Amino acid sequence: MNFQSYDVAVVGGGMVGLATACGLEQAGLKVVVIDAAGAAPVEGAPRLRVSAINKASQALLEHLGAWAYLDKSRLGPYSKMDVWEKDGMGRIQFDAQSQCETSLGTIIENDAIHYALAQRAAELEQLTLLEHTRLERIAFGEREAWLTLDNGDNLSAALVVAADGANSWVRQQCQIPLTFWDYGHHAIVASIRTQLPHGDCARQVFCADGPLAFLPLYESDLCSIVWSVPPQKAEALQALDDEAFSRALTAAFDGRLGLCQLESERQSFPLRMRYARHFARHRLLLAGDAAHTIHPLAGQGVNLGFLDAGAIVETVAALHGEGKDIGAYGELRALERWRKAEAMEMIAAMEGFKRLFAGSNPLKKAIRDLGLNLVDNVAGLKTVFMQQAMGHKFKLPRLCRPE
């Protein structure tokens, strides 16, 4: 039985957990990551779960040294966005060139980001990555937290970061309550071949029963879709054979990229908003999906998690540098307020979008058309929307600021 002492123990070795750990190690702290799974190279057909990585998240990955480990042949940078309402007159288009940028963001498979971060973590001397290892017990004391692993080893840390996902075991053990609601939608994800090239453009159509996004992947005719529909419709779509599903998808997408052809299996999962009542406690921080999950409407979930990582690294590194107690709740309260406010702002924005674009009420349709066209035609408004989409917020953690 081993006993080790660390500055920070990160529970969960996914994208947000590894990003937090790498940043803390680079700031001079001794870190352990407890990961129930592990990372593996991404090869062959595209993985179904992808993220629209904005400029702030790219800056974080670059500063951490993980961006260099991404296979450039599997990246899908997009320079344009096209959003419209089905059976409506409203439309808005964004173009990176108008902001003197080469791209608005990059579509990347989640597993590819995970593997790149794991490769970077393996290089860092003061970071211990324990893959395929589970946390069995956790206890919090006045000066430190004690953790027992499934292999019988024990360790202590001045601070625990729970980055163990939406169904966080640590959050449950600490009895932190959740505010949550069911969006009443399921998301269907799949990889699609299109008759016409996507032209590095991310597209989203708002249908009466939910949004449908086509995200451009690393081949000119390959897209990842996220189709948000009520549970009954999701079930009906999942029951269709591949050809019938492809026809239904082409129709829902107004045939913008010609005929669509299913290239992969289809997965469907329920969409729920979750918001932890506390993001911090004595010796504990919640990060990423353990703290909040949002509607995938704009692909912002991972970007919000990476902002958590950047903010945690900035705050904890500053406390450490000043010789303060990095796990004392009094020192973490400002960080908690920062992250809760930003998460709630994003949750409210996604909910507002979802409600505005739901249904086919003629008055709501008129407001939607007017709003989309107004944003599209007023340069100042459009710039604000584009800056938000790229992740250029007023208060960005230092690691998330582009060079």
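## Close-up views of a predicted model

The chain has ten helices and 20 strands; helices (H or I, at least four residues) and strands (E, at least two) are DSSP runs, numbered from the N terminus. This is a predicted model, where local features need pLDDT of at least 70, side-chain atom pairs count only at pLDDT 80 or more, and totals for chains, interfaces and linings use all residues. Residues are numbered from 1 along each chain as its sequence is written, and side-chain values use heavy atoms, with hydrogens and water left out.

**View 1. The whole chain, before zooming in.** Of the 403 residues in the chain, 54% are buried. Here buried means under 20% relative accessible area, exposed means over 50%, and partly exposed is in between (1.4 Å probe, protein chains only). The chain exposes about 17,300 Å², with carbon and sulfur atoms supplying 53% of that area; the accessible areas come from the Shrake-Rupley method with a 1.4 Å probe, and for residues only the protein chains shown count as cover. Take the contacts with a separation of 6 or more: 75% of them are between residues 24 or more positions apart. A contact means heavy atoms within 4.5 Å.

**View 2. Aspartate 35, a buried charge without a salt bridge.** Look for aspartate 35 in strand E2, which covers residues 31-35. Aspartate 35 is buried but has no salt bridge, and the nearest side chain of opposite charge, that of arginine 134, sits 8.5 Å away. For charges, Lys and Arg count as positive and Asp and Glu as negative, while His and the chain ends are not counted. A salt bridge is a side-chain nitrogen of Lys or Arg within 4 Å of a carboxyl oxygen of Asp or Glu. What the side chain of aspartate 35 does reach is the backbone nitrogen of alanine 37, at 3.1 Å. Leaving aside residues up to four places away in sequence, aspartate 35 touches several others, among them Gly13, His114 and Thr133.

**View 3. Helix H2 and its two ends.** Helix H2 runs over residues 55-64 and is mostly covered, with eight of its ten residues buried. The buried ones include Lys55, Gln58 and Leu64. At the N-terminal end, asparagine 54 acts as a cap: one of its side-chain oxygens lies 3.1 Å from the backbone nitrogen of alanine 56. After H2 comes glycine 65, with a positive phi near 85°.

**View 4. Alanine 162, tucked into strand E11.** Alanine 162 belongs to strand E11, residues 154-162. With 0% relative accessibility, alanine 162 counts as buried. Its C-alpha atom is 6.7 Å from that of glycine 12, although the two residues are 150 residues apart along the chain. Not counting residues up to four places away in sequence, alanine 162 touches Val11, Ser168 and Leu285, among others.

**View 5. Arginine 47 and aspartate 111, one of the salt bridges.** The structure holds 18 salt bridges. In this one, the closest N and O atoms of arginine 47 and aspartate 111 are 2.7 Å apart. Arginine 47 lies in the loop between E2 and strand E3 (50-53) and aspartate 111 in helix H3 (residues 110-123), so the pair links parts that are 64 residues apart in sequence. Arginine 47 is partly exposed at 27% relative accessibility, and aspartate 111 is partly exposed too, at 33%.

**View 6. Glutamate 263 and arginine 193, part of a network.** These two side chains, glutamate 263 and arginine 193, meet in a salt bridge at 3.3 Å, N to O. Glutamate 263 sits in the loop between strands E16 (260-262) and E17 (267-276) while arginine 193 is in strand E12 (residues 178-194), so the pair ties together parts 70 residues apart in sequence. Glutamate 263 is partly exposed at 39% relative accessibility, as is arginine 193 at 21%.

**View 7. Arginine 283 and aspartate 325, buried meets partly exposed.** The closest N and O atoms of this salt bridge between arginine 283 and aspartate 325 are 2.6 Å apart. Arginine 283 is in the loop between strands E18 (280-281) and E19 (284-286), and aspartate 325 is in the loop between H7 and helix H8 (329-356), so the pair joins parts 42 residues apart in sequence. Arginine 283 is buried at 0% relative accessible area, whereas aspartate 325 is partly exposed at 25%. Back to the network of View 6: salt bridges that share partners join Arg193, Glu219, Asp221 and Glu263.

Key
A polar contact is a pair of N or O atoms within 3.5 Å; within protein, one must be able to donate a hydrogen and the other to accept it, and residues adjacent in sequence count only if both atoms are side-chain atoms.
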